[in-house]
Each structure stands twice: as structure tokens, then as C-alpha cells.
Amino acid sequence: MVQIPGQSVSEAEFRQQVRDYCNNELPREVRAKVLANLFLTKEDNLAFLRSLARRGWTAGHWPVAYGGAAWTPLQRFVFEEESMRHGAPWLIPFGINYVGPVIYTFGSEAQKQRFLPPILASKEWWAQGYSEPGAGSDLAGLKTRAVRSGDHYRVSGQKIWTSYVQWADWMFCLVRTSDESRPQQGISFLLIDMKTPGIEVRPIRTMDGCHHVNEVFLDDVKVPLQNLVGEEGKGWTYAKFLLSNERILSAETGRSARQLAHLKSLVATASSQAGTPRPDSAHFEHRIAHLELKLHALRAFCLSYARNMSADGPPGVEASVMKIRGTELQQQIAETTLDWLGAAAVVYDPADVNGAIAHSPVGPADTSGAVREYLHGRASTIYGGSNEIQRNIISKAELGL
Ligand SMILES: Cc1cc2nc3c(=O)[nH]c(=O)nc-3n(C[C@H](O)[C@H](O)[C@H](O)COP(=O)(O)OP(=O)(O)OC[C@H]3O[C@@H](n4cnc5c(N)ncnc54)[C@H](O)[C@@H]3O)c2cc1C
């Protein structure tokens, strides 16, 4: 039995509750867009979050004292898997999964009171300002500088690849507050109000033609000292805590299960419409079976890990294994889907994935969404700590290299 405050439910019952939520409470328009792999607007994401709030599931893994449901790692995994499999969006993590836990773990009482309720109520949108030109994998090389001046820091520098900061009210930011011999030591964790003068956001269009990421320029931005989280110079510790939360969710088995089901339905529909299967059907059936086996193996690994993991323990090297296997599988499924769609997938216009209805000028209506999933999915082995970096983590932990 797994515990939810006020009730005891089995894993299977909890899965059923998540499916019921998707079938009955997840806004239909949002679900339809997710199932067709269309680009979601901020309003779509907010509608999803508000529908979760009615069940107290917006931040299920937060402690009850801060408005969560104290989910175990297993419940959290089940929620992520089952909801994504049945058409819920990827829960954009910056407020709920990233900065929220940093604030309730390391923040002051005043920060907890100021920042946690609006995150929980989806009233304030957050972005993550870590990466810089020249400081991605080597994050400790970051150069954005915060200099104390009276009761403020003055922050100058540049962030890049900042996801959805165009929607953000706040950005949590790693900044350099001193130059120590170990670069990790002089870094601090600041909360920056995006309305502060001196901030400029410039969009970057990714190859799916959508607006996910941005550059952020900070020119002498005044940030009150009370927006420093924890101790000055200890930001690296908080950043690592946050990144470990990021990796544990990256297997995304629910997304892979949904995309694989879509591929199977494309193959089945083509076979039934044509009367006779396509000549290459057997080849695709073989590829699909191979992908299914990989998904089963990954799920078994994740479930066993989630069942044994404690809620407050740091994730082990297994989180890196999940990130590598999960993202590679997503890319393989997307690639196989495009191979099946063939020539139709060559025609792609971002306008077809930015609307409310799936549309493709040449192939099945959901072709454009499949192409978008393929194009945007190329980034999944880069963000959240690239897969090469995850391999380094594994080799260091397991082989001592
Ligand atoms: C779609 C998308 C969204 C993102 N969103 C955010 C966000 O919201 N906030 C944020 O702060 N950042 C974000 N990022 C940035 C992301 O975290 C970085 O892109 C990532 O950490 C890699 O850094 P880099 O781009 O500087 O590449 P680099 O670090 O320059 O790496 C280039 C290549 O070299 C490899 N490499 C680097 N070092 C090593 C090594 N030691 N051993 C082996 N191989 C190595 C990498 O794996 C990669 O293949 C996002 C990125 C993308 C693509």
C-alpha cells in the first residue's frame, strides 16, 4: 500500500485515479493538443495546472505543510507516467519541481511565505537561469556577476537557452558573487523579478519553429539582498540539489508509451485502409517490437528504483541511467514514426503545430505534430545535463574514472 494523506491506496488504485483525472478533469482542448503533439500556450499549461489543483495534485510531492500531498517517489513516478500516457502535458518544472523545493529546503521563512503559495496556485510563472554562453555542461564557469551595493545586488551578465522565460514573472538564477580558487565556491542562488529594469529577453527559434527558449541579458539589474536563497557562495549546493530533482523525472516512460501507441495506430490504420499491408510492414513491426522491449525494460528499472527510493534521499547514479535510456528511447520512437510517415513528414510548417487543431497539408492530420516531436526531441539528450555528461557521472561512480 502507498499512502496519500487521508487515504490508503494501492499502486493500481492510484494509477486508476490518475486515469480518471485524465478522462474527466484534464481540459479536453489541452488533452487533444497533447495527443496531437501541438505546441502548448501558457494558457494551456495554466489550464492543466488549475485542473490538478482541484485534486491537490499540483505539487503532489511537496510536504503537506507547504500544500503538497507528500507523495512517495513511487507515487510521483506513477503520476508522471500515467498522466503523460493519457494525454496530460509535461509539467513544466521550473516553479513546482525546481525552485519550490529549493525554497522550502534552503529558503528563509519570509521566502517560503512570499513565493510558495503563488507557485502552488499557478499565479506566478518561473524560469531557470543557469546556462550561459560558455557555461552549459561546465556550469561552474558561469560569469554573470552579482555585486553587493547597500541593500541590493547589482547583477550583470547573460543567460541562454532559458525556457519559457517569455512567460515568466520570476527567474531563479545562478550568479557569481566572488572569485574563489574552486569556481563552484563563489556562486550564489538569486530570485530575480522579471519586471526589474535592465532585463532584456530575446527569443531563440528552435528547429521545430516554435518559441521554447531565449537569451536573457541582465544589465545592472537591482536585486534585493532578501532574494538571496540560503547563504552567499553556497549556490552550487542548491543548484546540485535542484539538478538531481530534474534528472529523476527524465525517463518520461509515459510520453514514450503514448508515442509508441501512436506509431502502432498509424501502422494499423494504414494496413486496414489499404486492405493489404504495406510491403515494409514486417520491417516496422520488428522495429516496433524492439522499441516495446526497450520500454518494458526501462519501466521495470524505473519502477524498481522508485519503489526502493526514499523521498528525501539523493537520487543515485540510476537517475543518470534513466535520463540516457529514456531520452534515447524517445528519439528512437520519434525517428521510427517519421520513417513510417515517409515523404509526408518532409512537409513541415510551424503554423500547423501552433494552432488548436492538428493539420498537415499532405499526410494524416497528426503528421506535423509527429515531425515537431521529432525535431524538438533532439534537444532531450542535451538539456537537463547532456547524455555525455550522464555517462561521465556513471563512469565516475561505478568505475572510479
Ligand atoms: C531545448 C533546451 C532547453 C533548455 N532550457 C534551459 C533552461 O531553461 N535553463 C537553463 O539554464 N538551461 C537550459 N538549457 C541549456 C542546457 O542545460 C545546456 O544546453 C546543456 O547543459 C549543455 O550545455 P551547452 O549547450 O553549453 O553545451 P556544451 O556544454 O558546450 O556541450 C557541447 C557538447 O559537448 C559535450 N560535452 C561537454 N562537456 C563534456 C565532457 N566533459 N565530456 C564529454 N562530453 C562533453 C556535450 O555533451 C555536448 O554534446 C536548455 C537547452 C535546450 C537545448
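Over which residues does pLDDT stay under 50? That's residues 1-7, and the model has 14 contacts for them beyond four places in sequence. Here pLDDT is the predictor's confidence in each residue, from 0 to 100, and two residues are in contact if their C-beta atoms, placed from the backbone, lie within 7 Å.

What you're looking at is a predicted model, in which local features need pLDDT of at least 70 and side-chain atom pairs count only at pLDDT 80 or more, while totals for chains, interfaces and linings use all residues. Numbering runs from 1 along each chain as its sequence is written. The protein chain has a mean pLDDT of 92, with 95% of its residues reaching 70 or more.

The protein chain is split into these domains, with bounds from an automatic or database domain assignment:

| Domain | Residues |
|---|---|
| domain 1 | 2-93 |
| domain 2 | 126-234 |
| domain 3 | 249-399 |

The C-alpha centres of domain 2 and domain 3 sit 32 Å apart. Still, 6 residues of domain 2 are in contact with 9 residues of domain 3.

Now for the ligand. Domain 2 and domain 3 each give at least three residues to the shell around the ligand. There are 18 residues around the ligand (C-beta atom, placed from the backbone, within 6 Å of it), and Tyr130, Gly136, Ser137, Ser386 and Glu388 come nearest. With helices (H or I, at least four residues) and strands (E, at least two) taken as DSSP runs numbered from the N terminus, β3 (126-129) and α12 (387-399) each supply at least two shell residues. The largest share, 3 residues, comes from α12.
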